[in-house]
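Me: Please take one part of this model and go through it closely, in plain terms. I would like to follow how the aromatic rings are arranged and what lies around them.

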Amino acid sequence: MREPYDDRSGRARTVTRRQALGIGGALGLVAAGGLSVSAALARRTPFTGAELRSAVPLPPAFQVPLPLPSVLAPVSTSGGVDRYEITQREATVEILPGVRTPLWTYEGAFPGPTIESRRGRPVTVTHRNDLPVPTVVHLHGGRTPAESDGYPTDLVLPEGWPDAAHVTHPGPGGPGHVMHDPRAVVTKLSRDYTFPLDQRPTLLWYHDHRMDFTAPAVWRGLAGLHVVRDDAEDSLGLPAGRRELPLMIADRAFAADGGLDYPALDPSSRERPGVREPYLAGVLGDVILVNGAPWPVHEIDAARYRLRVLNASNARHYELEAITDDGRRLDLVQIGADQGLLAAPVVHRSLPIAPAERYDVVVDFSGVPVGSRVRVVNRLGSGRTRDVMAFRVAREATDDSRIPRVLSSDLPTWRRSDAVRVRDLSFRTGRMHGGHGWLIGGLPFDPARSDVTTELGDVEVWRLIADVHHPVHLHLVGFRVLSRRDRPPLPHDAGLKDTVSLRPGESVEIITRFDGYRGRYLFHCHNAEHEDMGMMANLEIV
């Protein structure tokens, strides 16, 4: 197993295979003994979860061309609003060469089609649900009114599902524990989601967010990209056109029949949520997909490229490096974070990325000889999961792109003294409804309970503490990282974020202003299995 990098000392810490497996297997002890053994889990292991092994032959790395998701055309642009239509449906696609894999999709593709938008120009997306289960759509990172944010009980019911008045949610405790949300807004067959997009230009993504069943739905293919642009960013001279590449990284595993393997207690995703015991900490696959292709390769010019990277994995963390054939590590020049451009570029040699995080980076391939290759590798992987994708430099080319020393001047300048309150929030394992769960502040998710209430416009500091890896996501707002372990934030914490990676035993302080819209929102762990097993909480903005 690859040794994880210790950012505090600059040295690698040794992690044995037994320790790494303990992050998944020891959760049975936690479920039985409560939080008393959480400290046993708080080791700096490279992942939280257990890995599935595919039962079909896997292709060699760097043979499949990198696909680029199609850009969805609007059905209407009248009245100052761009209108789109997306059908959620089952489809069978070729992910592994020569193997047919059934998926749940947006418009028959994985990833779903990309939506390209302009800042401040509203978008309405009509989603039609032709799948066999209810769905919910969340635009991750969007500044969205509550009625379109994709609250987990605001279901879109498929044909033949029981009447909306009888919709209940089994909850992570199983069919014997049901919850009803009186505030849920349930529709049949379709729903219009309206996104004002009054926000900084950035890479967003949309995915299913159904209560208790987000993890299997995203694993089966319900994810796509949404890009917001504006004139100021366009004028910077950054790499653009075919030299701007979206890269959705996700891990999966394949069953013997070519379908996606997933350890669901209820493979139909209709009644009983959750996964089998070994995977309670998170589900990891042994195949790394980029834009839906296994370990792909992309032919490029010897020039700068803008790589817009999303970790769309359920639970897997990555630490990315770009390495030439002769062993050189290329600079990863970070120009943006989850919520748009940084104030100034930050140079990395390796870049950690947790589930749901996005990084906007520029890589200069001009010094790489034509005909040679640059591999993108995952320092936290081992075996096949160490490789991610490759670039093959095919030709010399002119390049008039640049990386300005000043990227943006509109980042918020909240100070600790601006905060009207400080909240302490723990993200830890525990018991819920007679079984294992993942809890925020010692409580599992309940849509009928208000966990945090704040006034529109308030600035708050949140102190987050974790037992194992927890990528924490806030809906509606972006935030800045103030500290890690009471020390200054790390270089990759720069800019405005909406997801922050808490490492085992780590405390992180964030600051944000709750502006935009009033209503009911969420904050939660974006390890999708943790999320489905209780690690969400309500955020009420009044």
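**Aromatic rings and their surroundings**

Reply: Tyr-305, Phe-365 and Phe-391 form a cluster that is held together by ring pairs. The model is a predicted one. Within the cluster, the ring centres of Phe-365 and Phe-391 are 5.2 Å apart and the planes meet at 50°, so this pair is tilted. The two residues come from distant parts of the chain, 26 residues apart. Phe-365 is in the loop between strand S22 (358–364) and strand S23 (373–378), whereas Phe-391 is in strand S24 (residues 387–395). Phe-365 and Phe-391 are both buried.

Phe-391 also has a place in a wider group. The largest nonpolar core has 97 residues, and Phe-391, Trp-462 and Phe-523 are the ones that touch the most other members. Apart from this core lies another one, of 21 residues, which includes Ile-86, Tyr-106, Tyr-193 and Leu-197. In soluble globular proteins, nonpolar side chains tend to be buried together.

Trp-462 can be followed further. Neighbours within four places in sequence aside, its contacts include Val-452, Leu-474, Ile-510, Phe-514, Phe-523 and Leu-539. Arg-423 and Glu-509 are also among the contacts of Trp-462.

In total, eight aromatic pairs are counted. One of them joins Trp-219 and Tyr-262, with 5.4 Å from centre to centre and 55° between the planes, and it is tilted. This pair too links distant parts of the chain, 43 residues apart. Trp-219 belongs to helix H4 (residues 214–219), and Tyr-262 to the loop between strand S12 (244–252) and strand S13 (283–284). Buried means under 20% relative accessible area. Trp-219 has 1%, so it counts as buried. Tyr-262 has 15%, so it is buried as well.

Rings also occur with charged groups over them. The charged end of Arg-220 sits over the ring of Trp-104, at 4.1 Å from the ring centre. In the case of Arg-191, the charged end sits over the ring of Tyr-193, and the distance to the centre is 5.6 Å. Tyr-193 is one of the residues of the 21-residue core.

The chain as a whole gives the setting. The chain contains six helices and 34 strands. Of its 542 residues, 61% count as buried. Among contacts between residues at least 6 apart in sequence, 78% join residues at least 24 apart. The exposed area of the chain is about 19,700 Å², of which carbon and sulfur atoms supply 49%.

How values were computed. Residues numbered from 1 in each chain as written. Predicted model: local features only at pLDDT ≥ 70, side-chain atom pairs only at ≥ 80, totals over all residues. Heavy atoms only, no water. Core = buried A, V, L, I, M, F, W, Y, C linked by side-chain atoms within 4.5 Å. Buried < 20%, exposed > 50% of the residue type's maximum accessible area, 1.4 Å probe, protein only. Contact = heavy atoms within 4.5 Å. Helix = DSSP H or I, 4+ residues; strand = E, 2+ residues; numbered from the N terminus. Areas by Shrake-Rupley, 256 points an atom, 1.4 Å probe, with all protein chains shown as cover. Phe/Tyr/Trp six-rings, centres within 6.5 Å; stacked < 30°, edge-to-face > 60°. Lys NZ or Arg CZ within 6 Å of the ring centre and 35° of its normal.
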